[in-house]
Amino acid sequence: DPSPREYDLAVAQTVLHVHNRVTDLYNHPINQLEQQLRLTIEALRERQEHELINNTDFGLLHNTDLNQRLTTRTGPPTPLDLDDLLCRRRKTRFFLAHPHAIAAFGRQCTTRRIYPDTAVLDGKRVIAWRGVPILPCDKIPITTTGTTTILAMRTGEDDAGVIGLRPKTLPDQYQPGLNIRHMGTNERAITSYLISAYHSAAVLVPDALGALDDVQVGR
């Protein structure tokens, strides 16, 4: 491609304020600063996940090729609907669906006396279809009419799939793509830390990502 798309990294930021008295008096047996940082970073990661799904520039819901978008046959997600989604791409790594959509799929399987597979992912057993894990993601929205979207994707640069983007290194890096800057201590003995997480996503080829739209979850 003579003019490839350029991706700007988005940033999720917050400031953590910690009173010096907390770290002076209550740091044992549990390091209070580390725990506050852990909780703050978890909240930032939740914001990142929401952006990776819903951002209008790089979010997966807005970057699915029109030729890779399907609609359900009857409303609720059926095994045939997921088969239609699977056959559009090779090496589908996983489905991504709202927990209510996963429950709706389970009901459709029960109605047909079909039992979904299970798969082990990161040591945890999850529901699967045709051996492909169906992962829950509550960041995928449900409309006021009770419909949502199920995503299917191939991942990884080697397979020309969906990849995450982050800086290779950062000053004061704490985790990959995330750094913590000490902002100083004010006259009230409160120390502030600026926490920044940089992120984006790219779909390397159109068939790496597919979507099943108009999935009814309220039936």
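The exercises below, each with a worked solution, concern a predicted model.

**Exercise 1. The sheet**

Task: State the strand order of the open sheet and find which strands form its edges.

Solution.
- Step 1. The open sheet has 7 strands, and their order is E2-E12-E7-E3-E6-E5-E4. The pairing is mixed.
- Step 2. Strand E2 (69–71) and strand E4 (117–121) are the edge strands, each pairing on one side only.
- Step 3. From one strand to the next, the twist averages 35 degrees.
- Step 4. At the E2 edge, E2 and strand E12 (residues 209–216) run parallel and are joined by 3 bridges. Leu70 stands opposite Leu212 in E12.

**Exercise 2. Helices on the sheet**

Task: Which strands do H3 and H4 touch, and what angles do the helix directions make with E12 and E6?

Solution.
- Step 1. H3 packs on the sheet and touches E2, E3, strand E5 (124–129), strand E6 (132–136), E7 and E12. The direction of H3 makes about 160 degrees with that of E12.
- Step 2. Helix H4 (residues 99–111) also packs on the sheet, where its contacts are E3, E5, E6, E7 and E12. Between the directions of H4 and E6 the angle is about 135 degrees.

**Exercise 3. Strand E6 and its neighbours**

Task: Describe how E6 pairs with E3 and with E5, and how many of its residues are buried.

Solution.
- Step 1. With E3, strand E6 pairs in the parallel sense over 3 bridges. Pro136 in E6 is the bridge partner of Ala97.
- Step 2. With E5, strand E6 runs antiparallel, and 2 bridges join them. Here Val132 in E6 stands opposite Trp129.
- Step 3. E5 and E6 form a hairpin with 2 residues between the strands, and Arg130 takes a positive phi near 55 degrees.
- Step 4. E6 is mostly covered, with 4 of its 5 residues buried.

**Exercise 4. Salt bridges**

Task: Give the salt-bridge count, then classify Asp81, Asp159, Arg93, Asp172 and Arg181 as buried, partly exposed or exposed.

Solution.
- Step 1. The count comes to 13 salt bridges, taking a Lys or Arg side-chain nitrogen within 4 Å of an Asp or Glu carboxyl oxygen as the cut-off.
- Step 2. Asp81 and Arg73 form one such pair, with the closest N and O atoms 3.9 Å apart. Asp81 has 0% relative accessibility, so Asp81 counts as buried.
- Step 3. In the pair of Asp159 and Arg93, the closest N and O atoms are 3.8 Å apart. This pair links distant parts of the chain, 66 residues apart: Asp159 is in the loop between strand E7 (147–153) and strand E8 (162–165), and Arg93 is in the loop between helix H3 (79–86) and strand E3 (94–97). Asp159 counts as buried because its relative accessibility is 17%, whereas Arg93, at 42%, is partly exposed.
- Step 4. Asp172 and Arg181 meet in a salt bridge of 2.9 Å, N to O. Asp172 is partly exposed at 48% relative accessibility, and Arg181 is partly exposed at 36%.
- Step 5. Glu46, Glu49, Asp138 and Lys139 are joined into one network by salt bridges that share partners.

**Exercise 5. Asn54**

Task: Is Asn54 buried or exposed, and which residues does Asn54 touch?

Solution.
- Step 1. Asn54 lies in helix H2 (residues 32–54).
- Step 2. The relative accessible area of Asn54 is 17%. The cut-off for buried is under 20%, so Asn54 is buried.
- Step 3. Leaving out residues up to four places away in sequence, Asn54 touches Gly59, Leu61, His62, Lys139 and Pro141.

Terms used
Residues numbered from 1 in each chain as written. Predicted model: local features only at pLDDT ≥ 70, side-chain atom pairs only at ≥ 80, totals over all residues. Heavy atoms only, no water. Buried < 20%, exposed > 50% of the residue type's maximum accessible area, 1.4 Å probe, protein only. Pairing = 2+ DSSP bridges. Axes fitted to C-alpha atoms, helices over the stretch in contact; angles between N-to-C directions. Contact = heavy atoms within 4.5 Å.
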